[in-house]
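Student: Before I rely on descriptive words for a structure, I would like to see how each one is earned. Could we look at this one together?

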Amino acid sequence: MTALRLRATDLAVVRCANRSRAAWYALVDSLKSFGGSRAAAPRLRPGEFYALDGIDLELRAGEAIAVIGENGAGKSTLLKALAGTLQTSRGEIARHGTVGAVIELGEGLNPLLTGRENIELGALLKGLRDDEALAYANRVFVFADLAEAIDAPLESYSSGMIARLSFAAAAMTQPDVLLIDEALSVGDPAFQRKCVRFIDDFLARGGSILLASHNLVQVQMLCSQAIMLVSGKPAFAGSATDAVRALVERNRHCDRPVEAEATSLRLVRFGDEAGKAVTGKAAVLEVDYTLDHHVDDVCWGFEIWTADQLQCVTTAQDMRGRELAAGSGTLRCRVDRLPLAPGTYAIRLNIIDRRSGTPVALAGFAGAASCIVVESPPSIASNYQVELGQLAVVEVSWT
Amino acid sequence: MGFAAVGAQVAKAWTEAFRVGWKVYLFHLKTRRRRNWLGLIWVIVPLLAALGIGLGLQSTRLIGQSGLGGLPPAVFVLTGVTFWQVFADAVLMPQRHLASFQTELAGGHMTVELALLVGLFDLAFAILFRCLFLLLVVPLLGVSPSLSAAALPAFLIVLATGGLAIGIFAALPGMLIDDIGRLLAVLLAVAMFTSPVFYRQPAFIPDWVNPLAPVIEAARASATGLPVSVVFLVGCVVVVAAMLVLALSWLKSGQRRFLSALR
C-alpha cells in the first residue's frame, strides 16, 4: 500500500448563509475564545447549516479521487477545508506532504499586475527562496505558454488565459497533493489536454489528486475512486464509475415505472426473463390484449418515447395484416440487441386497422404510459451515455 | 532549547517576514502606482492643507497665540493635524489593507499578518516623512525645536501603535461588515474634534474622556521645543505595548473564524 498523503476523519464544516449573521457568530466565537472560554460542541444556530458533514477520506500517493455531486453539494467546501483555507467545525485533517490547490481560478491574482509579476509575487507568498522562485516562475511560464501575454496586465487576459496561469501556478509548485476544483473544464481544449497529461505524469510520479468536477467522463478517466456528496454528506463512495452511475441515476427525471392507463392493451414484460432490459442485450416485449370482437387486417406495434414523452425515440410496427380473435391473448416480439441507451423510457402500444389507420386499441397515448428502465452496467461509455442523455446506442466496429 | 536558540529562531523568522513583507510591499506600491496619478504626493497633501489652514488662521487672527499655549496657529494646526493623521492612518490601516488583500486572504494565498506587515511599511514611511516635514517646517514658522525633539519619533510610534491596536480590533469584523469602517470614520471625526488638533482641548473635557489628547499635547511639545515628561512617555509606551499585545492575541484567536466566513 502506498504512503498516506491526506486523511480526513469525520469532517464537518458549519456555514452560515447570511453574511451578517456569519460575522456576528464569528465575533461572538472569537470573543469567547479571546476571553479564554473553550469552544462549545458544534450546535447549529439560526441560519447555520452543515456544508459538510461526516466526511471520511483517505488519499494515498499515486491515487486520484474524484468528488462529485450537484451544485451546492459541498465539493468546493471540501477542497477548501482540505487545503486548510476553511475552518472545520469538527473532525480532523492529517496532511502528509505539501498541498497545492486550484480551487477558484484567478483568485489571488492581482489584475493590475502582469502575469509575470503575479507569478513572482505568488512565489514570494509561497515562501520560496530566490533561486527556487526563479525556477518555479520559469516552469509556470513554460507550462502556461502565454507567450508575450505574460508581460501584459492580468486585466487584459481572457478567462481561458487566467485559467492557464492559475493552473500552472498551482501545479508547478510540485506539491505532493493537488486539489483541483473544476479547473480542467476551462481554457481551450489543447490546454485541457495538456493539463490531463500533466495529471497523468503527476500521478505516475507518486502525486495525489483530489478532483472536484462536473465533467463526469474526465472524472472516470482520471480517477479510480470517487465520493459523491449530497447536501454536504457522503452519499456514495466507491469506484469512480459506480459513483458516477449513482449520481446520474439520482438525477433522472422519471426514476420508477408508472402504472399505465386502464386499457385493453397492457405491457406485461420488456426485457429478459426477469423483466430486466439491458443495453445491447436481447429483450422480449410482451403485451396482453383483450378484444370484445374479432378483428381482421390489423397490425400492431409499439413506440418508445423519452420519459417526458416529448421525443419519440423509435417505433417498431409490424405492418403485416393479421387477424385477432375476440378474447384475450398475448403479443410477443423479440429485440436481439436492445439499442436503447441506459435510461427511462415510456412505451406506447397500439393495435390499428391497417387499411384505415384507425385505432383498435391503444395504450399510453391519452393517459400515462408504461415506463421501462433500460440498464447498463456502470462503465465510462455507459455513464457518458447517461450523462449526456443519449437515447440510442450504435454498435460499430472500427477498422 | 536555550534562550539564545529561541532568540536566533525568532530573529530568523522576523528577518524572513521582513524580507517577504518588503518585497510584497514593493509589489503593492507598483499596483497602487498603476491606480494613482499623484502617488506619493498624497502623503504630503494633508500636511500642505494643514499648513495652509494654519497660515490662514494665523493671518486672520481668529485664534490668538495665547489660546494655543503660545504657539503660532500655523504650528499648532500643522503639528495637530500631523499627529492626528498618524493616529488615524494607523487606526484605518488594518482594515484598508485587509480589504485590499481580501482575495489573497480569502484564497489562503496570504496571511493576515503579512497583509498587516505590508501596511506597516506604508505607515512607517508616512510617519518618517511627516516627522521630517515637521522638523523642517516648524523652524520656518518661527518655533525652534530643542533636545525634546528626540522624543518626537517615540511619541509618533506611540500614536501609531495605539491606533494600530484599535484598528486591529476593528479590522477582523470590518472584513465582513462595512458598518465597522463607517463607524470608525465617525468615531475618528468625533475624536478629532475633542482632541487638541485645531484648538486646545476644552477645559470641561477631562483627559480620561480622550486619552489621546495628552499624547498629542506631549508630541506637540516635543516638536516645538517644549519640555516633555519621560515618565509620561514611558507610561504611554507601556500602555500601547499592552494594547498591541491584546490586539495581536485577538488577531491570532479570531482570524480563522472571520476568514472562514469570508470564504
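Tutor: What follows takes some descriptive terms in turn and sets each beside its value, keeping in mind that this is a predicted model.

Student: What makes chain B as compact as a globular protein of its length?

Tutor: Chain B has nine helices and zero strands, and from the N terminus on its elements run α-α-α-α-α-α-α-α-α. The radius of gyration of chain B is 20 Å, and the globule rule gives 18 Å for 263 residues; the two values are close, so chain B counts as being as compact as a globular protein of that length. Along its principal axes, the C-alpha trace of chain B spans about 55 × 45 × 35 Å, and 38% of its 263 residues count as buried. Among the contacts in chain B with a separation of 6 or more, 73% come from residues 24 or more positions apart.

Student: Why are helix 3 of chain B and helix 6 of chain B called roughly parallel?

Tutor: Helix 3 (residues 73-100) of chain B and helix 6 (residues 152-176) of chain B pack with their axes 7 Å apart and at an angle of about 30°. Angles under 35 degrees count as roughly parallel, and therefore helix 3 of chain B is roughly parallel to helix 6 of chain B. The crossing of helix 3 of chain B past helix 6 of chain B is right-handed, and their contact has 20 nonpolar residues, five polar ones and no charged ones.

Student: How do you know whether A:C223 is buried or exposed?

Tutor: A residue is buried if 20 or more other C-beta atoms lie within 10 Å of its own, and A:C223 has 26 of them within 10 Å, so A:C223 is buried. A:C223 sits in the loop between helix 7 (216-222) and strand 8 (225-230) of chain A. Leaving aside neighbours within four places in sequence, the residues in contact with A:C223 are A:A64, A:I65, A:A66, A:L211 and A:A240. A:S239, 16 residues apart from A:C223 in sequence, is 8.5 Å from A:C223 in space, C-alpha to C-alpha.

Student: Which element of chain A gives the most to the side that touches chain B?

Tutor: The contact takes 27 residues from chain A and 28 residues from chain B. On the side of chain A that touches chain B, two or more residues come from each of helix 1 (19-34), helix 2 (75-83) and helix 3 (115-125) of chain A. Helix 1 of chain A gives the most, with 10 residues. By class, the residues on that side of chain A divide into 12 nonpolar, nine polar and six charged.

Notes: Residues are numbered from 1 along each chain as its sequence is written. Chains are lettered from A and ligands numbered from 1 in the order in which they are written. This is a predicted model: local features need pLDDT of at least 70, side-chain atom pairs count only at pLDDT 80 or more; totals for chains, interfaces and linings use all residues. Two residues are in contact if their C-beta atoms, placed from the backbone, lie within 7 Å. Helices (H or I, at least four residues) and strands (E, at least two) are DSSP runs, numbered from the N terminus. Ala, Val, Leu, Ile, Met, Phe, Trp, Tyr, Cys and Pro count as nonpolar, Asp, Glu, Lys and Arg as charged, and the others, Gly among them, as polar. The radius of gyration is taken over C-alpha atoms; the globule rule is 2.2 Å times the number of residues to the power 0.38. A residue is buried if 20 or more other C-beta atoms lie within 10 Å of its own, exposed if 12 or fewer, and partly exposed in between; C-beta atoms are placed from the backbone. Axes are lines fitted to C-alpha atoms, for helices over the stretch in contact, and angles run from 0 to 180 degrees between N-to-C directions. Angles under 35 degrees count as roughly parallel, over 145 as roughly antiparallel, 65 to 115 as roughly perpendicular and the rest as oblique. A crossing is left-handed if the near helix is turned anticlockwise from the far one by less than a right angle, and right-handed if clockwise.
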